[in-house]
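Where does a protein model leave empty space, and what surrounds that space? The structure below can be read with this in mind.

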Amino acid sequence: VPGHNIVLTLDLDAQAAAVKAFGPARTGGVVAIEVETGRVLVMSSAPGFDPNIVSGRMTAYDEARLAADPRRVFRDKTIADTYNPGSTFKLITALAGLEAGVLRPQAHTRCGGAVELGGRKFKCMHVHGPVDLQTAIVQSCNVYFYELGARPGMMDIIATTARGIGLGEPPGLGINGESAGLVPTEEWHRQRAGGGKRGGFSMGHALNTAIGEGDTRVTAMQMAMAYAALASGGKVMEPQLVERIEAADGAIVERRPPRLRRTFAISPDSKARLHAGLDGVVNDRQGTAHRARSRKVRVAGKTGTAHSRGSAPGVHKDHAWFAGFAPADAPTIAFAVVVENGGLGGEVAAPIAMAVVDSLLAPAPTAPTPGEEIGAAGTPLDPNRSEAP
């Protein structure tokens, strides 16, 4: 007796584009969703495995080989594994500062390459000189966000904002060992140390949190949902994989409507400033993702290069991140890419995201009109043009 069919929200072509862009050697995850609905268009964890091997009776050899793979092929890198978000988290820090009224966007901070606290240097990638909010986002200046995070009570303000747009809790998909991640607070650090109010929290924790390091942990799915909330102006949706259920004869048994989890207040001014910063990351010549930009769709996003101790002996490269939305001026999709031990987000994760965006949003090639001949480069030939012999 034929059963019902489940019709997924996934876009097969974009899913294939994500797998191809990731390549066979990388480990990590790619997620893309619809901003207004939360429907999941791409959800790709790498590396995958051949389902034929695990269907039926698996051989002892295959079981041992897959279990011993250091890339953890049975772990869903999009929703179960958590990572430091790195600089992709700076947008949440900026949003927290803007909405709390403690951040003046036009005010400048001087970046000398590091700040010193308690005898320890907290470093930046470069010496940026004077930076305001726009420059700090576009060029990913750590010092700007260190100074913001060091303000009294700022760590808890950041945590409230992060949780408000969906971090620190399971997104709600309910499959594959979905993780809640972690958004630390001052009290969390005190309790972790077991010292109550006498110890456990230091200002260094706040500085690390402001740039997405320290104990902050997120999944790729959470970051895609968070950037969708930033794109929409504060609508926090539940991710959705099932669009509808059909009977064998095609009759619709059930439709799955979009589900709004909550609305987080983002002022129009804050939204505009953050969107301008994300647009500049990709489309400004000084932006950290400029070299990876799409030539077909205007994308807004944020690179991230997150600290990692490595998942295999001798591997200590940072995790590469890129999260954002597109089109930049009227977002319809949001995305997040994390590449384990990949290095710089702008060099490794951003090109993967652009391939997915192009697959979803780039206009299809224009078909020639009847009677046109197509040249080798794919362009119509002029029938009046003379060709050299």
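The paragraphs that follow go from a pocket to a cavity and end at the surface.

This is a predicted model, in which local features need pLDDT of at least 70, side-chain atom pairs count only at pLDDT 80 or more, and totals for chains, interfaces and linings use all residues. Residues are numbered from 1 along each chain as its sequence is written, and side-chain values use heavy atoms, with hydrogens and water left out.

The largest pocket (on a 1 Å grid over the protein atoms alone, an open set of points with protein on both sides within 12 Å along at least five of seven lines) has a volume of about 950 Å³. Its lining, meaning residues with an atom within 4 Å of a point, comprises 38 residues, of which Ser87, Met125, Asn142, Thr305 and Leu344 lie nearest the centre. Strand β12 (300-306) is one of the elements that supply at least two lining residues each, as are β6 (120-123), α6 (142-149) and α12 (345-361), and β12 gives the most, with 5 residues.

The structure also holds 1 cavity of 30 Å³ or more, a cavity being a set of points where a 1.4 Å probe fits but cannot get out. The volume of the largest cavity is about 50 Å³, and among the residues that line it are Ile165, Met225, Val236 and Arg261, while α10 (220-232) and β8 (235-237) each supply at least two of the lining residues.

At the surface, Leu8 has its place in strand β1 (residues 5-8), and this residue counts as partly exposed because its relative accessible area is 42%, which falls between the limits for buried (under 20%) and exposed (over 50%).

Note on methods. Grid points are joined across faces, edges and corners, and a volume is the space filled by probe spheres set on the points. Helices (H or I, at least four residues) and strands (E, at least two) are DSSP runs, numbered from the N terminus. Buried means under 20% relative accessible area, exposed over 50%, partly exposed in between (1.4 Å probe, protein chains only).
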